[in-house]
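Please open the structure in a viewer and keep the sequence panel visible. The tour proceeds by selections, each followed by a description of what is found there.

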Amino acid sequence: MTKCVIIGAGPAGMNAALYLKRAGIDVDIIEKDVPGGEMLKTDKIENYLGFSSIAGGDLALNMFRQIKDLGVNIIKDEVLKVVKNDKFEVQLTTDKISADYVIVATGRVARKLGVLGEEALVNRGISYCAVCDGAFYKGLDVAIVGGGDSALTEALYLSDICNHVYVLVRKELRASHILQNRVKNKDNITILKKVQVSSFNGSDRLTDITLSDGKNLLVNGLFVAIGGMPDLRFLNGLDIDMKDGYILTDDKMESSLNGLYAIGDVRYKNVYQIITAASDGAIAAVSIKEGV
Ligand code: NDP
């Protein structure tokens, strides 16, 4: 039994834990993987105020240490289901926790392209995280699919490791200007616009890809960076208003289900950044404190 359970230890969840603990509210934070969320997939963060440049892993570790030192109860487990009776019941693989409030902060999972050959070649040339797998492609040619901040951040990271990096953009780039300018200054990055992948080829490992214009591109690695979607199956059975797969909240971060809050990338909103995720966490915590 605790006052509040936070599901997910990314910047949103960890900041909510920080604010709740400092307000004297009992809080458990549950994380199935390593704390940090998407930050762990980012090699360099330059838009989190207070740090001109910091590795994503270091920022995640700083946040984790801060809540751990404060005495937040951190549980490594997976949430299978959330049920609401008088209180919430959060079912883990090994335990159950009942709580007055639940904060959902589980972020998004990488979206797949859904193209022929993709499933069979995952981890055999196809990856969804350049920081995790880039080193396997040292000195080789690779491609990235996507035109957002993630795709160009990954392209810049890979350009320091790989021989050549192709960025495959289905329409136009939507990444920030600062990233676009940096990419322009790199000799070993080529942006190909208005192309899509038609098929991934190779029997044992990826050898090449066929593009929508019929051309073949010889690459050893392909990184998919086309954004993500929340995976909220553990909330099935609860009556929560959603939009396009994201949880709708009011400006206190509370969903249509009384006592259940949503923060960070699982929330339907306009700006998906580390700083806005952290801000969502602070707002939810302060709102809960006001209601206690
Ligand atoms: P975005 O949703 O911003 O961009 C997704 C990209 O993938 C778009 O170019 C989109 O094309 C393309 N895409 C989507 N589906 C397909 C498909 N089936 N085939 C080909 N291309 C496809 O996702 P990001 O992960 O880049 O960014 C998510 C959020 O995180 C953003 O708010 C971003 O600003 C933030 N972020 C910030 C960073 C930073 O500040 N350093 C680093 C990384 C992320 P189209 O435009 O045609 O839809």
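A polar contact is a pair of N or O atoms within 3.5 Å; within protein, one must be able to donate a hydrogen and the other to accept it, and residues adjacent in sequence count only if both atoms are side-chain atoms. The model is predicted, with local features needing pLDDT of at least 70 and side-chain atom pairs counting only at pLDDT 80 or more, while totals for chains, interfaces and linings use all residues. Residues are numbered from 1 along each chain as its sequence is written, and side-chain values use heavy atoms, with hydrogens and water left out.

**The ligand**

Select S150 together with the ligand: a side-chain N or O atom of S150 is 2.6 Å from an oxygen atom of the ligand. Next, add R170, which has a polar side-chain atom 2.9 Å from a ligand oxygen. At Y272, display the backbone, since a polar atom there lies 3.2 Å from an oxygen atom of the ligand. On its own the ligand has 920 Å² of accessible area, and the protein covers 78% of it; such areas come from the Shrake-Rupley method with a 1.4 Å probe, and for residues only the protein chains shown count as cover.

**The surrounding shell**

Now select the residues with a heavy atom within 4 Å of the ligand. There are 20 of them, and the closest are N47, D149, S150, R174 and Q273. Colour the chain by domain, using bounds from an automatic or database domain assignment: domain 1 (2–108 + 230–291) and domain 2 (110–224) each supply at least three residues of the shell. Helix α5 (residues 149–159) gives the largest share, three residues; helices here are DSSP runs (H or I, at least four residues), numbered from the N terminus.

**The cysteines**

Which cysteines does a disulfide join? Select C129 and C132: a disulfide (a pair of cysteine sulfur atoms within 2.5 Å) joins them, with an S to S distance of 2.0 Å. The structure holds one disulfide. The torsion about its S-S bond is about 75°, so the disulfide is right-handed.

Is C129 buried or exposed? C129 is buried, at 6% relative accessible area, whereas C132 is partly exposed, at 49%. Buried means under 20% relative accessible area, exposed over 50%, and partly exposed in between (1.4 Å probe, protein chains only).

Finally, select C162, whose sulfur is 13 Å from the closest cysteine sulfur, in C129, too far for a bond. C162 is buried at 7% relative accessibility, and C4 is buried at 0%.

How values were computed:
Helices (H or I, at least four residues) and strands (E, at least two) are DSSP runs, numbered from the N terminus.
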